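Biologist: Mind if I quiz you on the labels you use for this one? I'd like each answer set against its cut-off.

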Amino acid sequence: MARLTDKVALVTGSSQGIGAEIARRLAAEGAAVAVNYIAGSEAAACDVVACIQAAGGTADAFKADVGDPESVAALVDAVAERFGRLDVLVNNAGITRDGLLVRMSDEDWGDVIRTNLTGAFLMTRAAAKLMMKARSGSIINISSVVGIAGNAGQVNYASAKAGLIGMTKSVARELASRNVRVNAVAPGFIETDMTAALPAATREAALGSIAMKRMGTPADIAAVVVFLASDEAAYITGQTLAVDGGMTFA
Ligand code: NAP
């Protein structure tokens, strides 16, 4: 039986990569899905929506920049108006601007914090109001193993991803009494455009650190997000689950 029948889910940055797969999997479990994209990715977002609809699911595309407060408010209002409620929020939108600390520009620091951390804060604050009123909801933050272990050349990204873990725990404590659960997923090295852009030597080194000796797929992440979104995870909140093929366990 579908695990998310009658639920409404919003996935930020779901025009491609991990977010697109999460959107498709949530829809396959019966959720109506809001596919979020930023300007420039409309065609890709529409492909995700069309794919969901072709499989018999319900979805719509919504343009918004998660780092912009007005854009976020308009997005959450539009989703609530279109689907009537919001049960699941997946804060997936993310960018990288890699570089060593001493050479990192203020702009590269600020852009990554704005999208990856402030974006999740703005989305969570807006969605929480609806979920608290409904006395039900599941928020899932896509962090990274880099937010747990750190990574040379990614001080901006690792700081944002570690911040997401702190946000997850804090918001989980604030919203638990309203039956709103908040968890994080920390992917390891996943095959998407983000990792395809890395040099071959970096990819080889990363593979060497994975106990299972393979990169993950967006489907590996989406399966865990569906679980955390569903009532099967009804007693889980404040947790960060590493999905990394054995990269980070102690
Ligand atoms: P991706 O292929 O680059 O996709 C990122 C998505 O976020 C894109 O759809 C992008 O839209 C969107 N986005 C970027 N800025 C946005 C904004 N301001 N507002 C709304 N959407 C925005 O990346 P991915 O590999 O699927 O990663 C998805 C998430 O998983 C990210 O949070 C990433 O940090 C995390 N993660 C990935 C890996 C990995 O190995 N791939 C590992 C750990 C964690 P555009 O295409 O229009 O820019």
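Modeller: Sure, starting with the buried face of helix H9: its buried residues pack against helix H1 (17-28), strand E4 (88-91), strand E5 (137-142), strand E6 (180-187) and strand E7 (240-243). Helices (H or I, at least four residues) and strands (E, at least two) are DSSP runs, numbered from the N terminus. Ground rules: this is a predicted model, where local features need pLDDT of at least 70 and side-chain atom pairs pLDDT 80 or more, while totals for chains, interfaces and linings use all residues. Residues are numbered from 1 along each chain as its sequence is written, and side-chain values use heavy atoms, leaving out hydrogens and water.

Biologist: How do you know that the span of helix H9 agrees with its 12 residues?

Modeller: The expected span is 1.5 Å times one less than the number of residues. For residues 218-229 that gives 16 Å, and the end C-alpha atoms are 16 Å apart, so the two agree.

Biologist: Why is Glu 29 called buried or exposed?

Modeller: Buried means under 20% relative accessible area, exposed over 50%, and partly exposed in between (1.4 Å probe, protein chains only). Glu 29 has 15% relative accessibility, so it counts as buried. It sits in the loop between H1 and E2. Leaving out residues up to four places away in sequence, Glu 29 touches Met 1, Ala 2, Arg 3, Leu 4, Thr 5 and Val 226, where contact means heavy atoms within 4.5 Å.

Biologist: And what makes Asp 6 and Arg 135 stand out in phi?

Modeller: Asp 6 has a phi near 70°, positive in a residue other than glycine. Arg 135, not a glycine either, has a positive phi of about 55°. Asp 6 lies in the segment before E1, and its 65% relative accessibility makes it exposed. Arg 135 belongs to the loop between H4 and E5; with a relative accessible area of 47%, it is therefore partly exposed.

Biologist: Why is Asn 91 called buried or exposed?

Modeller: Its relative accessible area is 5%, so Asn 91 is buried. You'll find it in strand E4. Beyond residues up to four places away in sequence, it touches Thr 12, Ala 120, Met 123, Thr 124, Ile 139, Ile 140, Asn 141 and Ile 142.

Biologist: What makes something a cavity, and how many are there?

Modeller: On a 1 Å grid over the protein atoms alone, a cavity is a set of points where a 1.4 Å probe fits but cannot get out; lining residues have an atom within 4 Å of a point. The count is one cavity of 30 Å³ or more, and the largest cavity has a volume of about 60 Å³. Of its 13 lining residues, the closest to the centre are Thr 12, Asn 91, Ala 93, Thr 115 and Ala 120. Helix H4 (106-134) gives the most to that lining, with five residues.

Biologist: Last one: what makes a nonpolar core?

Modeller: A nonpolar core is a set of buried Ala, Val, Leu, Ile, Met, Phe, Trp, Tyr and Cys residues joined through side-chain atoms within 4.5 Å. The largest has 38 residues, of which Leu 10, Val 79 and Met 123 touch the most other members. H4 gives the most to this core, with 10 residues. A second, separate core of 33 residues includes Ala 20, Val 35, Ala 45 and Val 88. In soluble globular proteins, nonpolar side chains tend to be buried together.

Definitions and conventions. 1 Å grid on protein atoms, 1.4 Å probe; cavity = no way out; pocket = protein on both sides within 12 Å on 5 of 7 lines; lining within 4 Å. Points joined across faces, edges and corners; volume = space filled by probe spheres on them.
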